[in-house]
Amino acid sequence: MPSSYSAMKLKMGKWDYYVVRMKMSQLAREVRFASEVNDDKTLDEVIQRELKESRAKKQIVRYLQKNEERFFGSIVVAALGGEPSFFAIEAADDPKFAAFKNHVNETFGVLFFDDSLKIYALDGQHRLFAIKELISGGAETPAPVGFSDETISVIFVIPQKGASTEEFRKSYRRLFTSLNRHAKPMNMVTNIIMDEDDRFAIITRYLISEYDFFSWDGSPGGEVIDTRAQGENIGPTSTKFATLVGLYKMNQHFLWDHTYQSEFGNPSPTNEVSQHTPTEDEVEELQAYLIKIWDCVFLTLPILKKPPLDMRQMNADGTDGKDNILWFRPVAQTKLLAPLARRLMDKKNISSDSSEQEITEALKPLSLIPNQLHHNLWRDFLIARDPGKHQWRMVTEPPKLKLAYTILLWLTGCETLSEDDIDELQASWSSSLIPAGDNQREQDTFNELEDIRESIVNL
């Protein structure tokens, strides 16, 4: 049914917005969560899930229940649809209104919407969640007496007239990101899902929606990318290929070519380029480029299409379809595989104009790298036994990962080392083993690496 609100009209930048008074019960009933602004259902659930598992359920609900001096700032909402219209209240020609007549006219009035209105919270979702919990009776203890009739200030942001559906979705995602980025730090998952300025976030969402390997097949638990994890690490029983954060970081490395390197330095989620709004042409070019790269990565390393859980069995040796493969470990994906692939592409001057054949040729050395974590190169180096537990674990200390990357740069021909440099590299690797390796193993391992490097150089 149509809705009307007493409101005060304001404007900032390109946004028309209205300050509205709402009862708590009305807010809980009428306002939805920002995740529903998204147009991909794989990502829609993430923010809702984060809210349900967050501090809102305990801390904010408890604050509302027990604190008589409770107070919330305004909740910012997006008003979508509804054909909004504002009817201003005019101050009467009465001497007693003369002092503030100009401040009232065109500012205070009634905001009307038709029955197609949908309202989404852009800022204040944890507060909204807590209010909904109390109003619905979902909290462990009841709401304070009269809480439903208490009121709160709600800021309605209205779309520009004539904006298309896609335009206002982008605008609201950008506003959501801006509100949260400048008000308090957002977690990286939320940034990736909502950010309309970060080109790498945009194309990561695109991959999940459109690229066959990463898209969800609709079956329960069938997602290839773990959107639940807050970082890049994957649990020991996870069936996912990577987390959303891990995929984002890989994509950024893959695309961080000479142009980005020369202008912005090293890739980082907080890099300046991530806050430069890309044009549609730039996004389309990056999407096409990234798809070519991923196609070529899978051609070069077809093992990546095997069931991830089967390839992350720490004690497996390749029999019975189980293995312990380096490239299925999150830290190896983001710290070794993706940056190394970019270096190999740089060596061949790969750009968005390069063909799939050219990219595949550039990535060929990846196929010759020992990828079994129990190989002499990695055992006791990137995997080690926990003292007293006789269980293997990944080693993720930055110095060791840096050393592993240095070895791979040399192995794949991205870096050329003198004999003395190679001896020093071997000594650094040997001293990093836990427990220390024997001389024969050390020499045999580096002899094998020398042979592999020669094969790669002659590709």
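## Glu 30 and its salt bridge

Let's start with Glu 30, which is partly exposed at a relative accessible area of 21%. That value sits just past the cut-off, because buried means under 20%. The partner of Glu 30 is Arg 29, and their side chains meet in a salt bridge with an N to O distance of 3.8 Å. Arg 29 is exposed, with a relative accessible area of 59%. Keep in mind throughout that this is a predicted model.

## A bridge between distant parts of the chain

Arg 441 and Asp 380 also form a salt bridge, this one at 2.8 Å from N to O. Arg 441 belongs to helix 16 (residues 439-457), while Asp 380 is in the loop between helix 13 (356-363) and strand 11 (383-385), so this pair ties together parts that are 61 residues apart in sequence. Are these two residues buried or exposed? Both Arg 441 and Asp 380 are buried.

Salt bridges can also share partners, and here they join Glu 232, Lys 249 and Lys 335 into one network. Then there's the pair made by Asp 16 and Lys 11, whose side chains meet in a salt bridge at 3.4 Å, N to O. In that pair, Asp 16 is partly exposed, at 30% relative accessibility, and Lys 11 is exposed, at 55%. Overall, the count comes to 15 salt bridges.

## The loop before strand 11

Back to the loop that holds Asp 380, between helix 13 and strand 11. Leu 377 is found in this loop too, and so is Trp 378. How accessible is Trp 378? Trp 378 counts as buried, with a relative accessibility of 0%. Leu 377 is likewise buried, with a relative accessible area of 0%.

Each of these two can be paired with a residue further along the chain. Leu 377 and Glu 442 are 65 residues apart in sequence, yet their C-alpha atoms are 8.8 Å apart in space. For Trp 378 and Ala 404, the separation is 26 residues in sequence and 8.7 Å in space, again C-alpha to C-alpha.

## A negative patch on the surface

Which residues gather in a patch of negative charge on the surface? The patch brings together Glu 419, Asp 420, Asp 421, Asp 423, Glu 424, Asp 444, Glu 448, Glu 450, Asp 451 and Glu 454. Helix 15 (419-432) and helix 16 each supply at least two of the patch residues. So helix 16 turns up twice in this report: it contributes to the negative patch, and it carries Arg 441 of the buried salt bridge.

Take Glu 424 as one example from the patch. Glu 424 lies in helix 15. With a relative accessibility of 54%, Glu 424 counts as exposed, because exposed means over 50%.

## A buried lysine

Lys 240 sits in the loop between strand 9 (225-226) and strand 10 (242-243). Is Lys 240 buried or exposed? At 12% relative accessibility, Lys 240 counts as buried. A polar atom of the Lys 240 side chain lies 3.1 Å from the backbone oxygen of Glu 223.

## Exposed loop residues

Asp 115 is in the loop between strand 6 (108-113) and strand 7 (118-123), where it counts as exposed at 58% relative accessibility. Asp 115 and Gly 81 are 34 residues apart in sequence, and the distance between them is 8.7 Å, C-alpha to C-alpha. Glu 83 lies in the loop between strand 4 (75-80) and strand 5 (85-88), and its relative accessibility of 62% makes it exposed.

The backbone of Glu 83 is worth a look as well: phi is positive, at about 45 degrees, although Glu 83 is not a glycine. Asn 349 also has a positive phi, near 55 degrees, and it too is a residue other than glycine. You'll find Asn 349 in the loop between helix 12 (330-347) and helix 13. Asn 349 counts as exposed, at 60% relative accessibility.

Conventions:
Residues are numbered from 1 along each chain as its sequence is written. This is a predicted model: local features need pLDDT of at least 70, side-chain atom pairs count only at pLDDT 80 or more; totals for chains, interfaces and linings use all residues. Side-chain values use heavy atoms; hydrogens and water are left out. A salt bridge is a side-chain nitrogen of Lys or Arg within 4 Å of a carboxyl oxygen of Asp or Glu. Buried means under 20% relative accessible area, exposed over 50%, partly exposed in between (1.4 Å probe, protein chains only). Helices (H or I, at least four residues) and strands (E, at least two) are DSSP runs, numbered from the N terminus. Patches are made of residues with over 30% relative accessible area and no salt bridge: like charges are joined within 9 Å, nonpolar side chains (Val, Leu, Ile, Met, Phe, Trp, Tyr) within 5 Å. Accessible areas come from the Shrake-Rupley method with a 1.4 Å probe; for residues, only the protein chains shown count as cover. Lys and Arg count as positive and Asp and Glu as negative; His and the chain ends are not counted. The place of a charge is taken as NZ of Lys, CZ of Arg, CG of Asp or CD of Glu. A polar contact is a pair of N or O atoms within 3.5 Å; within protein, one must be able to donate a hydrogen and the other to accept it, and residues adjacent in sequence count only if both atoms are side-chain atoms.
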